[in-house]
Amino acid sequence: MTRISFDGRVAIVTGAGGGLGRAHALDLAARGAKVVVNDLGGSIAGDGGGGAMADQVAKEITSAGGQAVANYDSVATPEGGKAIVQTALDAFGTVDILINNAGNIRNAPFTDLTPEAIEALLAVHVKGAFYVTQPAFAVMRDKGYGRIVFTSSAAGIFGSPEQANYAAAKGAVLGLANVVALEGAPHGIKVNTILPAAVSRMIENMNLETLAGVPTTPAHNEPEMITAMASYLASEENPYSHEAFSIARGRYARVFIGVTGGHHVPADAPIATADDVAAHIDTVRDQAGYHVPGSLVEEFALIP
Ligand SMILES: NC(=O)c1ccc[n+]([C@@H]2O[C@H](COP(=O)([O-])OP(=O)(O)OC[C@H]3O[C@@H](n4cnc5c(N)ncnc54)[C@H](O)[C@@H]3O)[C@@H](O)[C@H]2O)c1
């Protein structure tokens, strides 16, 4: 088995001061990457708390003989995103890999979610992913190579009670990744999304009611389990793009959104009514023979 190497590569990992991001940064560096360790520090709510967390991880890397610089900017502003990418350019001359990992959480029942709790999550997960990826993508496009990993969540794709703000933000991340993947394809930029589940301070602070029904049998929940997929997707060995992968409880699996064959009203038939939809709803919902379109164009091309 060939050992995946990041020799000569420059990586940015956002939110790398702890949890999954720290594990990603350590592995990339141990495999030869020069790493920008970004984290604004602070609580799980996403309040800035200073540079200590990013400094600590950068120090862990350099103490082990690797190369890293810390960056404390917030991903959530255009200026912060540019500064994070500029840190990579100043320290290491380029950007080959971006892992969008920074995140915050503020759970509450749907009607209790405050405007602040909604805005704060959209700011970090969604705007943060935009503002760091835009300048990084420009560098990758100009050099004709790049690997971008976005971090979504099962909560965002499948739903999770009392996490409407988090789920909306994480769902948006997948939508963003799909377009960046399509635009990156002609430039050698592979873009994929992970849906992790691992022990971190974020999970430890979740309302346990939210996780009711999750099996409690022993399973791999280490951050490094997530890193294994993130590093693979960030590597030159990865030929895949525009895909999403769930890593949970020791299981690695592809996640995709499909469309059923559906019920088709030919152009020369009368326009459908609500009664027609009711008459055909079983066919509309029938999952047998579904398709997984690679774009809006591919979806429309499926329709006779
Ligand atoms: N742990 C899980 O099971 C799980 C499940 C699904 C998704 N995720 C996602 O994985 C990612 C990592 O989460 P984690 O579990 O390691 O949690 P974590 O809280 O340990 O890590 C998130 C990091 O992001 C940093 N951060 C927050 N706002 C930031 C900002 N504006 N700019 C820069 N950094 C910022 C935090 O300081 C923190 O170090 C997040 O995007 C999270 O939503 C985690």
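**Exercise 1. The α1/α2 pair**

What is the handedness of the crossing of α1 and α2? Work it out on this predicted model, along with how the two axes are oriented.

*Solution.*
- Start by finding the helices: α1 covers residues 19-30 and α2 covers residues 52-63.
- Next, get the geometry. The two pack with their axes 10 Å apart, at an angle of about 25 degrees.
- Now classify that angle. Anything under 35 degrees counts as roughly parallel, so α1 is roughly parallel to α2.
- Last, the handedness: α1 and α2 make a right-handed crossing.

**Exercise 2. Splitting the chain**

Find the domains and say how far apart their centres sit.

*Solution.*
- The domain assignment breaks the chain into domain 1 (10-255) and domain 2 (258-304).
- Taken over C-alpha atoms, the centres of domain 1 and domain 2 are separated by 35 Å.

**Exercise 3. The second largest pocket**

Describe the second largest pocket, then decide which domains contribute to its lining.

*Solution.*
- Volume comes first: the second largest pocket holds about 450 Å³ of space.
- Then go to its centre. There are 20 lining residues, and Asn 178, His 242, Ile 257, Pro 293 and Gly 294 are the closest to the middle.
- Sort the lining by element. Two or more residues come from each of α6 (164-184), β7 (243-248), β8 (251-255) and α10 (296-301). Helix α6 has the largest share, five residues.
- Sort it again by class, and you get eleven nonpolar, six polar and three charged residues.
- Finally, bring back the domains: domain 1 (10-255) and domain 2 (258-304) each put at least three residues into this pocket's lining.

**Exercise 4. The enclosed space**

How many cavities of 30 Å³ or more does the structure hold? Describe the largest cavity and its lining.

*Solution.*
- Count them up: there's one cavity of 30 Å³ or more.
- About 80 Å³ of space lies in the largest cavity.
- Its lining has 13 residues; closest to the centre are Asn 100, Asn 101, Ala 102, His 125 and Ala 129.
- Check the elements next. Both α4 (115-143) and α6 supply at least two lining residues, and α4 gives the most, with five.
- By class, the lining of the largest cavity comes out as six nonpolar, six polar and one charged.
- One thing to notice on the way out: α6 turns up in the lining of this cavity and in that of the second largest pocket.

Notes. Residues are numbered from 1 along each chain as its sequence is written. This is a predicted model: local features need pLDDT of at least 70, side-chain atom pairs count only at pLDDT 80 or more; totals for chains, interfaces and linings use all residues. Side-chain values use heavy atoms; hydrogens and water are left out. On a 1 Å grid over the protein atoms alone, a cavity is a set of points where a 1.4 Å probe fits but cannot get out, and a pocket is an open set with protein on both sides within 12 Å along at least five of seven lines; lining residues have an atom within 4 Å of a point. Grid points are joined across faces, edges and corners, and a volume is the space filled by probe spheres set on the points. Helices (H or I, at least four residues) and strands (E, at least two) are DSSP runs, numbered from the N terminus. Ala, Val, Leu, Ile, Met, Phe, Trp, Tyr, Cys and Pro count as nonpolar, Asp, Glu, Lys and Arg as charged, and the others, Gly among them, as polar. Domain bounds come from an automatic or database domain assignment. Axes are lines fitted to C-alpha atoms, for helices over the stretch in contact, and angles run from 0 to 180 degrees between N-to-C directions. Angles under 35 degrees count as roughly parallel, over 145 as roughly antiparallel, 65 to 115 as roughly perpendicular and the rest as oblique. A crossing is left-handed if the near helix is turned anticlockwise from the far one by less than a right angle, and right-handed if clockwise.
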